[in-house]
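Got your viewer ready? Load the model, set it to cartoon, and keep the selection box handy.

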Amino acid sequence: MAAFRPLLLTIVALCILSGDAWADDINYASGYKNKLEPFLEKNCFRCHGEKVQKAKMRLDTPRFKPTDPDSFDFWQNVLDRISSGEMPPPEKTRSGKTVVAKPNLELTADAKKISEWLSEALEQASAQASKAIRAKGKGTLRRLSRSQYANTVHQLLGSKASKLLINTFPEEFLDEGFDNIGSSQVMSDFLISHMIKTAEDAVEYTDFDRKTATREELKEFATLAFRRPVTDAQIAPYVRLAEKATATRAYAAILCSPRFLYFYEDPGKLDSYAIASRLSYYLWNSMPDKTLFKLAAEDKLTDEEVIAEQVERMLKDKKAELFINNFLRQWLHLENITLLPPDEKKFKTFYDDALEDAFTTESFMVFKYMVDENRPVTEFLSANYTFINNDLAKHYGLDKVDKYDFKKVTLKDPSRGGLLTQGAVLTSTSNGIETSPVLRGIWVLQNILGLKKPDPPPNVPALAVDTRGTRTLRQQLSAHTKSSRCATCHRHIDPLGFALENFNAIGAWREKYENNARVDTSGKLPTGQRYRNIGEFKKALLSRKDSFTQGLVSKFLTYGTGRKMHGTDRSEIKKIASKLKRSGYGLRDLIHHTTASKIFLNR
Amino acid sequence: MSKPMDRRTMLKGAGFAVALPLLDAMIPASAAFGRNSKAYKGPMRFLGTGTPLGMHPSNFHPKMATRDYDSPRSLKAIEHLRNDFTVFSNLDHGLSGGHYANHTLFSGVKVEEHKDHDEGNVTVDQRYAEHVFSQTRYSSLCLWNSDYSWTRRGVRVPAIKSTPHAFALLFEDTSGVSSKRRRRNKSKFSAYPEESTADLEARNSVLDAIRGDAKSLEARLGAADRNKLDEYFTSIREVERKLQSDIKWSKIPKPKVDASPKSASNRDLEKAYESWYDLAYLAFKTDSTRSIVLGSPGGGNFNIPGVTKGYHDLSHHGHKDENIEQLSLIDQVHLRSWGRFVEKLKSTKEADGRTMLDSTITMLGSGMGDGARHNNENLPLVMAGGGWRHGSHVNVFKRQKLNSLYLSVLQRLGVKTRKFNTVETSFTGLK
């Protein structure tokens with residue numbers, strides 16, 4: 001027996017050694033085998049395995065290779081579900097007709113352990129993969145969006161020209177609400193032929209004299225339009241065109257060149273010209289001005305301090321309003337109001353009091369105030385103020401203000417304040433007739449909790465709301481949480497929407513439905529926190545402010561870079577979010593942190 | 001037998017010479033088409049009308065799947081034409097999304113998924129327009145409201161929104177109008193400007209210049225970016241191809257018609273329908289186009305006797321009888337208006353003695369099934385014309401997809417294809 005002892009010791013020593021090595025560097029293959037797989041097998045394969053694939057998700061086949069971007073995203077999604085407490089679902093026992101969830105402490109502890117490990121593994125993979133991806137360059141060549149195009153032409157040719165443009169363009173495809181995502185943007189013969197025709201008109205309507213087109217004149221114009229220096233070879237086709245056809249056509253052709261329409265950025269660290277464009281289309285939704293061009297020519301825009309100075313200058317400029325307007329429209333999906341407008345008869349006040357404009361102005365002014373005063377982003381979740389005019393005061397049931405002007409008012413009751421109670425959000429998440437707790441729930445899930453929207457399973461019979469009896473929408477939607485097929489997702493989505501049921505389809509307060517049934521707003525977050533009303537709901541959301549902040553940073557970066565954030569961007573986003581936390585959550589700081597980030601300054 | 005060409009191979013090798021939509025060349029030479037091909041040599045036409053909110057199912061779908069079915073409440077509006085149309089049940093695309101899937105009525109593919117399909121989310125009218133191309137002044141017309149007509153590149157075709165504008169494009173002689181005045185008119189007429197032959201011809205050199213510039217940019221780009229720029233080159237090629245057709249037609253005088261444009265506000269739904277269908281009829285009659293999609297307005301309040309509430313509001317009827325009754329009154333306007341168009345085609349003789357209805361396929365449907373449920377199943381759909389024997393209620397019990405019907409429609413229109421978006425089998429059950 002004694003003879004074995006040294007060997008045993010060696011084995012123990014080896015284990016410690018290799019254990020140490022793991023602490024530095026997680027081995028994906030063995031980590032999967034020893035840690036992740038046993039957990040998945042015990043808790044997940046039953047519903048996401050060979051026989052059953054709930055939510056179209058199968059966990060027993062994908063390899064754990066998180067340095068691969070697709071694999072990374074897959075496992076990040078798994079991690080998000082486990083760490084939010086959403087998965088694995090607690091076991092249920094049936095007592096009579098009601099189903100009761102059975103809390104399982106062992107499972108909770110196991111889930112916590114595995115999400116910690118998974119999170120470390122993914123962080124490591126993210127660092128490794130980022131290098132690989134950085135070498136290749138991120139995002140797809142993007143072009144000017146419809147509004148960016150119009151603003152840019154405005155700046156190049158004056159206001160008369162730009163007015164002609166925008167309405168004739170085909171609508172943009174919105175990806176997560178944004179119209180500037182390179183990979184989703186569409187280029188078509190419709191767009192090009194409209195661009196050529198409108199460019200010709202625009203040049204003819206210009207405020208400047210464009211009757212002649214010498215090489216020098218064309219070069220000067222193209223340098224502005226292409227947003228970087230132009231070589232003689234690049235300008236040659238346009239010089240030839242001016243000789244062959246007319247000056248107008250040459251200028252118009254420059255406005256149809258891919259150098260004008262697309263953002264051309266070399267992979268890796270961006271040069272000063274590319275940074276000038278990123279900054280100006282981010283914060284002005286338009287082309288760089290003289291100052292930015294000058295700094296780019298001097299190659300000073302790679303300097304952090306210069307960027308910070310410029311961001312300050314740009315945010316003080318009136319053009320920053322173009323950013324706020326455009327970002328808000330897309331972030332809050334305000335186009336939904338136009339798509340499914342409130343019914344004219346049922347919601348007469350919406351039209352009589354021009355509430356759509358009032359809602360947009362409210363959201364705009366709150367956002368602008370938060371940027372100007374560097375207010376904490378947590379005020380998006382809960383704020384004791386808002387901006388209203390008299391019509392909104394009436395609509396929200398608040399004290400009167402000045403007749404037409406919007407004024408900042410202090411709110412005493414927590415039932416108003418923050419994004420969730422703004423008319424714009426409450427209306428855009430309804431369908432113009434009724435509220436939809438499911439749509440609102442998904443909105444909260446995506447924009448406040450920062451989670452992905454799951455796809456509904458195919459061939460699910462939709463619900464037809466019955467308003468004859470006394471059953472509330474909530475009672476009718478309970479079918480969602482009774483059927484196990486639907487419950488997986490809806491038990492998390494629907495309660496988030498019910499919390500907002502005190503607001504009707506255009507955001508007015510109500511305590512009862514049309515059939516006199518009382519509104520019930522109680523529920524719980526996926527993490528288990530309970531709430532009874534909107535005030536408590538907002539409080540519960542505030543406790544999740546870290547994930548909200550990360551989601552928000554990610555939205556700003558998506559908008560600013562024109563590409564969707566990838567799983568491998570997660571660690572950088574987390575860094576920005578914790579930097580923001582340390583500096584007090586200010587919205588102006590958030591913008592600064594994004595423009596100073598690697599994500600923004602690299603491609 | 002020649003080997004069918006793979007679309008991707010063709011794209012790679014095509015360069016600038018071959019325009020993309022000429023897919024008919026890819027059909028195996030030995031394939032047999034037009035099972036029912038008849039001697040008729042004149043133009044075939046397609047008109048599809050889309051409505052936004054489904055139709056109340058029990059008032060639309062007959063119970064019995066036979067020729068002597070009893071017409072439910074809404075369908076009674078076109079009872080007198082029952083032998084001229086077919087009504088379908090349990091036919092759909094298998095999609096969901098409620099209002100956000102309504103745009104798939106004529107394609108069966110959501111725009112957000114268009115990149116997953118070879119032909120994108122091309123709608124049946126646009127697929128036919130690719131085939132007709134320059135044979136008519138307008139390869140297609142999208143009228144009234146856009147949402148139902150999409151190109152293979154995921155682009156929503158902009159609609160001509162007013163009947164006077166459409167009338168001017170089709171029949172007004174603008175050859176003497178200065179280009180400046182045309183431009184001024186453009187802001188009024190938005191997406192469809194008219195241009196002189198000279199302006200159009202000059203555009204060739206503009207295209208040359210931007211292509212020259214684009215080529216030198218392409219050399220500097222990485223592979224992913226080059227793919228993106230390919231979309232730009234393809235678009236330029238398509239513009240060029242259309243340009244040649246536009247130049248040709250700008251030299252041919254427009255047809256003269258003995259009519260003036262009627263117009264009506266959307267509130268007067270039935271009158272508005274009449275003005276659009278009359279215009280479509282004239283466009284077909286003069287062979288100015290052979291493919292039309294008519295988009296009914298998305299909601300709002302209508303002046304219809306007996307209707308007091310908004311259309312969208314009524315579709316959320318909450319199972320209240322009075323709401324369902326009002327909803328049926330609106331559904332009847334959709335059907336009755338379409339029925340008048342069918343009658344008009346039927347009463348017009350072609351040169352060879354057939355009626356215009358035989359050489360036209362027309363459908364009315366919605367991308368939503370039951371508006372109250374926001375589902376996209378069991379779509380309400382009626383079809384007339386095309387030389388088929390109508391008069392039946394065809395219940396497919398979900399065994400066939402709506403795209404199969406469109407494939408048969410395209411084949412009947414003369415498009416040599418054996419595939420349409422999601423299907424490769426044509427429809428069975430029509431004779």
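Here is a tour, stop by stop, of what to select and what is there.

**Before you click**

This is a predicted model, so to speak of a local feature at all pLDDT has to be at least 70, and side-chain atom pairs count only at pLDDT 80 or more, while totals for chains, interfaces and linings use all residues. Residues are numbered from 1 along each chain as its sequence is written, chains are lettered from A and ligands numbered from 1 in the order in which they are written, and side-chain values use heavy atoms, with hydrogens and water left out.

**Stop 1: the two chains**

Colour by chain. Chain A has 28 helices and six strands; chain B has eleven helices and seven strands. Helices (H or I, at least four residues) and strands (E, at least two) are DSSP runs, numbered from the N terminus.

Of the 603 residues in chain A, 55% are buried, and for the 431 residues of chain B the figure is 60%. Buried means under 20% relative accessible area, exposed means over 50%, and partly exposed is in between (1.4 Å probe, protein chains only).

Contact here means heavy atoms within 4.5 Å. Take the contacts in chain A between residues at least 6 apart in sequence: 69% of them join residues at least 24 apart. Chain B, counted by that rule, gives 70%.

**Stop 2: where A meets B**

Now select the interface. On chain A, 63 residues are in contact with 65 residues of chain B. The area buried between the two chains is about 5600 Å², with carbon and sulfur atoms giving 57% of it. That is the accessible area (1.4 Å probe) that two parts lose on being put together, summed over both.

Which residues of chain A lose the most area to chain B? Show Asp189(A), Phe190(A) and Tyr264(A) as sticks: together they account for 11% of what that side buries.

Next, the polar side of things. There are 19 residue pairs in polar contact between chain A and chain B (both at pLDDT 80 or more). A polar contact is a pair of N or O atoms within 3.5 Å; within protein, one must be able to donate a hydrogen and the other to accept it, and residues adjacent in sequence count only if both atoms are side-chain atoms.

Highlight helix H7 (189–204) of chain A, one of the elements that give two or more residues to the side touching chain B. H7(A) gives the most to that side, with eleven residues. By type, the residues on this side of chain A divide into 29 nonpolar, 16 polar and 18 charged. For that split, Ala, Val, Leu, Ile, Met, Phe, Trp, Tyr, Cys and Pro count as nonpolar, Asp, Glu, Lys and Arg as charged, and the others, Gly among them, as polar.

**Stop 3: salt bridges across the interface**

Eight salt bridges are counted between chain A and chain B, a salt bridge being a side-chain nitrogen of Lys or Arg within 4 Å of a carboxyl oxygen of Asp or Glu. Zoom in on Arg249(A) and Asp199(B), whose closest N and O atoms are 3.2 Å apart. Then add Lys197(A), Glu200(A), Glu195(B) and Arg203(B): with Arg249(A) and Asp199(B), they are linked in a network of salt bridges.

**Stop 4: salt bridges within a chain**

Over all chains the count is 59 salt bridges. Try Arg73(B) with Glu325(B), at 2.7 Å between the closest N and O atoms. This pair links distant parts of the chain, 252 residues apart, with Glu325(B) in helix H10 (residues 321–346) of chain B.

For a local pair, pick Lys575(A) and Glu572(A), 4.0 Å apart at the closest N and O atoms. They sit three residues apart in helix H26 (residues 570–582) of chain A, about one helical turn. Lys575(A) is partly exposed at 49% relative accessibility, whereas Glu572(A) is buried at 15%.

**Stop 5: the nonpolar cores**

A nonpolar core is a set of buried Ala, Val, Leu, Ile, Met, Phe, Trp, Tyr and Cys residues joined through side-chain atoms within 4.5 Å. The largest has 157 residues, and those with the most contacts inside it include Phe323(A), Phe556(A) and Tyr232(B). Helix H18 (residues 355–372) of chain A gives the most to this core, with nine residues.

Centre on Phe556(A): beyond its neighbours within four places in sequence, its contacts include Tyr282(A), Phe323(A), Phe367(A) and Leu587(A). Finish at a second, separate core of 54 residues, among them Leu269(B), Tyr277(B), Ala280(B) and Phe302(B).
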